[in-house]
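Reader: I have not met this structure before. Please take me through it by question and answer, with the reasoning set out at each step.

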Protein chains: 2
Amino acid sequence: MARVVVDVMPKPEILDPQGQAVARALPRLGFSGVADVRQGKHFELEVDDSVDDETLAKIAEGFLANPVIEQWTIRRVDA
Amino acid sequence: MARVVVDVMPKPEILDPQGQAVARALPRLGFSGVADVRQGKHFELEVDDSVDDETLAKIAEGFLANPVIEQWTIRRVDA
């Protein structure tokens, strides 16, 4: 078994209203110094050792992210 | 400026219907070997160097996560 983390973020040119809402709220709440916030998704997968990187790439592109508006990173982590 | 990543995940004892939906769909779609999927949130913050770890902890706990049902990690990354 291996643990795989896939982080999915809106592409830089895509508006991110959730992140902007947090970024705009923080100064009102007394927290200054945060210039930007962007929000995405974080997936943690438990996969058999038989699952190779190519399969993980297909899973991420096809089912975890929307390639039109999102970019993603895949990394294996020690469980 | 520093980049900070906050990953927010449902606590282990909390059901995660989004992650379960992905995990159950994958075998039907031809991808075997994925035993579990859990879905959370991934935040990327651009912060001034004046923002210390204590402030980041307050921001994460108060505004990025729900401490009742979620756990989170905070890490500074090289921009």
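Reader: With which side chain does the side chain of A:E46 make a polar contact?
Author: The model is a predicted one, and A:E46 is placed in strand β2 of chain A, residues 34-47. Beyond its neighbours within four places in sequence, A:E46 is in contact with residues that include A:M1, A:A2 and A:R3. The polar contact, at 2.6 Å, is made with the side chain of A:R3.

Reader: Which side chain meets that of A:R3 in a salt bridge?
Author: A search of the whole structure yields 10 salt bridges over all chains. One pair links distant parts of the chain, with A:R3 in strand β1 of chain A and its partner in strand β2 of chain A, 41 residues apart. The nitrogen-to-oxygen distance is 3.7 Å, and the partner of A:R3 is A:E44.

Reader: Which residue of β2(B) stands opposite A:D36?
Author: Strand β2 of chain A pairs with strand β2 of chain B, residues 34-47, in the antiparallel sense over 13 bridges. Contacts of A:E46 also reach into chain B, to B:G33, B:V34, B:A35 and B:D36. Opposite A:D36 stands B:E46.

Reader: How many residues does β2(A) give to the side of chain A that touches chain B?
Author: In total, 31 residues of chain A are in contact with 31 residues of chain B. Across this interface the rule finds 12 residue pairs in polar contact, both at pLDDT 80 or more. The elements giving two or more residues to the side of chain A are β1 (2-10), α1 (17-28), β2 and α2 (53-64). The largest share comes from β2(A), with 14 residues.

Reader: How many salt bridges does the rule find across the interface of chain A and chain B?
Author: The residues on the side of chain A that touches chain B divide into 16 nonpolar, 6 polar and 9 charged. Charged residues are thus present on that side, yet the number of salt bridges found across the interface is 0.

Reader: Which residues of chain A lose the most area to chain B?
Author: The size of an interface is often expressed as the accessible area lost when the parts come together. Between chain A and chain B the buried area is about 2600 Å², and carbon and sulfur atoms give 70% of it. Together, three residues account for 21% of what the side of chain A buries: A:F31, A:H42 and A:F63.

Reader: In chain A, which C-alpha is nearest the axis?
Author: Chain A is superposed on chain B by a rotation of 180° with 0.0 Å of shift along its axis, at an RMSD of 0.0 Å. The two copies are therefore related as by a two-fold rotation axis. Of the C-alpha atoms in chain A, the nearest to the axis lies 2.2 Å from it and belongs to A:K41.

Reader: Why do the copies meet through the same surface?
Author: The reason lies in the residues that form the interface on each copy. The copies meet through the same surface because the share of the interface residues of chain A that are also interface residues in chain B is 100%.

Methods:
Residues numbered from 1 in each chain as written. Chains lettered and ligands numbered in written order. Heavy atoms only, no water. Least-squares fit on C-alpha atoms with pLDDT ≥ 70 in both. Contact = heavy atoms within 4.5 Å. Helix = DSSP H or I, 4+ residues; strand = E, 2+ residues; numbered from the N terminus. Polar contact = N/O pair within 3.5 Å; in protein donor to acceptor, adjacent residues only side chain to side chain. Buried area = accessible area lost by both parts, 1.4 Å probe. Salt bridge = Lys/Arg side-chain N within 4 Å of Asp/Glu carboxyl O. Nonpolar A, V, L, I, M, F, W, Y, C, P; charged D, E, K, R; others polar. Pairing = 2+ DSSP bridges.
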